[in-house]
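Visitor: I would like to learn how to read the contact between two domains of one chain. Where should I start?

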Amino acid sequence: MASVEEHYENLLARRYSWMHGDYDAKVRESLTLFEQIGLSPRRGGRALDLGCGSGFQSMALAQLGFVVLGVDTSGVLLEELRDRAGEREIQGVLGDIRDPAVYAAEGPFEVAVCMGDTLTHLETKDEVRTLAGDVRGAMEEGGTLLFEFRDYTTELEGTDRAIPVRMDDERIMVTFLEYEAEHINVHDMVFEKGTDGWQVEKSAYRKLRLGMEEVVGFLERVGFHIVSRGEGGGFVRIVALAR
Ligand SMILES: C[S@@+](CC[C@H](N)C(=O)[O-])C[C@H]1O[C@@H](n2cnc3c(N)ncnc32)[C@H](O)[C@@H]1O
């Protein structure tokens, strides 16, 4: 089993944006969500994007006028974000979101987001709990936190565990999920058409099975007030205020 970093480095990072289809549409999706929540810079205007990847949320936050700090362990994805961001107010930092020293000095943050399933990449629920406290400590009073992650609490069974991710004429990606008590093992397979025909690459990594109510509990215990919580499209989304 690869570590998260190895999995992104070996297989996922250079196909991550492709896997999601139209990049600009993904940024617009985040923008629409942030507008619905009413995010706009009112105080310090700094936003923290934890596990920013190629930047769907960072780009939307910058478009709203925030000065964005994106943190990620994937150098490949940060480089893509840098290329796409151009002159926008987005700084990408190579670092682990479990280490508050990576971002705290750049705060306090008016907004912090950890979205698109980054949270389930942490190794244990204790790390999620600690992250919640660390992020609270780096936020402005009254600032907004957005957590979004996939709900793996309900087990898929049989062939439903084999999930076609995306395919086009040159590339096919399929994921197989294997369930354990606290984790799932995610087996990614990518088939690519080269000059010598089709090639396959495989890699597997672990994700956490997190429930909405336990994450709400972590947030409340470290001083967040929950504004909304909900599930849709396979994702849990929690919006909270730093109080
Ligand atoms: C599923 S992607 C989400 C990226 C982006 N937020 C989005 O919605 O597309 C998870 C990202 O978190 C990063 N990541 C995973 N564990 C991390 C950690 N401990 N510290 C920093 N980044 C991490 C990965 O490299 C990857 O870019």
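Guide: The turns below go through the contact between the two domains. Keep in mind that this is a predicted model.

Visitor: Which parts of the chain make up domain 1 and domain 2?

Guide: Domain 1 takes in 4-151 + 210-242, and domain 2 covers 158-207. Their C-alpha centres are 25 Å apart. Domain 1 brings 16 residues to the contact and domain 2 brings 18 residues.

Visitor: How is the size of an interface often given?

Guide: A common way is to state the accessible area that is lost when the parts come together. Here, domain 1 and domain 2 bury about 1,500 Å² between them, and 56% of that lies on carbon and sulfur atoms.

Visitor: Which three residues supply the most of the area that domain 1 buries against domain 2?

Guide: His7, Arg15 and Trp18 do; 45% of that area comes from them, more than from any other three residues.

Visitor: What about charged and polar pairs?

Guide: Between domain 1 and domain 2 there are four salt bridges. One salt bridge joins the side chains of arginine 15 and glutamate 201, at 3.1 Å from N to O. Nine residue pairs are in polar contact between the domains, with both residues at pLDDT 80 or more.

Visitor: Which elements give two or more residues to the side of domain 1 that touches domain 2?

Guide: They are α1 (4-12) and α2 (16-19). With six residues, α1 gives the most to that side.

Visitor: How many residues of each class does that side have?

Guide: It has six nonpolar, five polar and five charged residues.

Methods
Residues are numbered from 1 along each chain as its sequence is written. This is a predicted model: local features need pLDDT of at least 70, side-chain atom pairs count only at pLDDT 80 or more; totals for chains, interfaces and linings use all residues. Side-chain values use heavy atoms; hydrogens and water are left out. Domain bounds come from an automatic or database domain assignment. Contact means heavy atoms within 4.5 Å. Buried area is the accessible area (1.4 Å probe) that two parts lose on being put together, summed over both. A polar contact is a pair of N or O atoms within 3.5 Å; within protein, one must be able to donate a hydrogen and the other to accept it, and residues adjacent in sequence count only if both atoms are side-chain atoms. Helices (H or I, at least four residues) and strands (E, at least two) are DSSP runs, numbered from the N terminus. Ala, Val, Leu, Ile, Met, Phe, Trp, Tyr, Cys and Pro count as nonpolar, Asp, Glu, Lys and Arg as charged, and the others, Gly among them, as polar.
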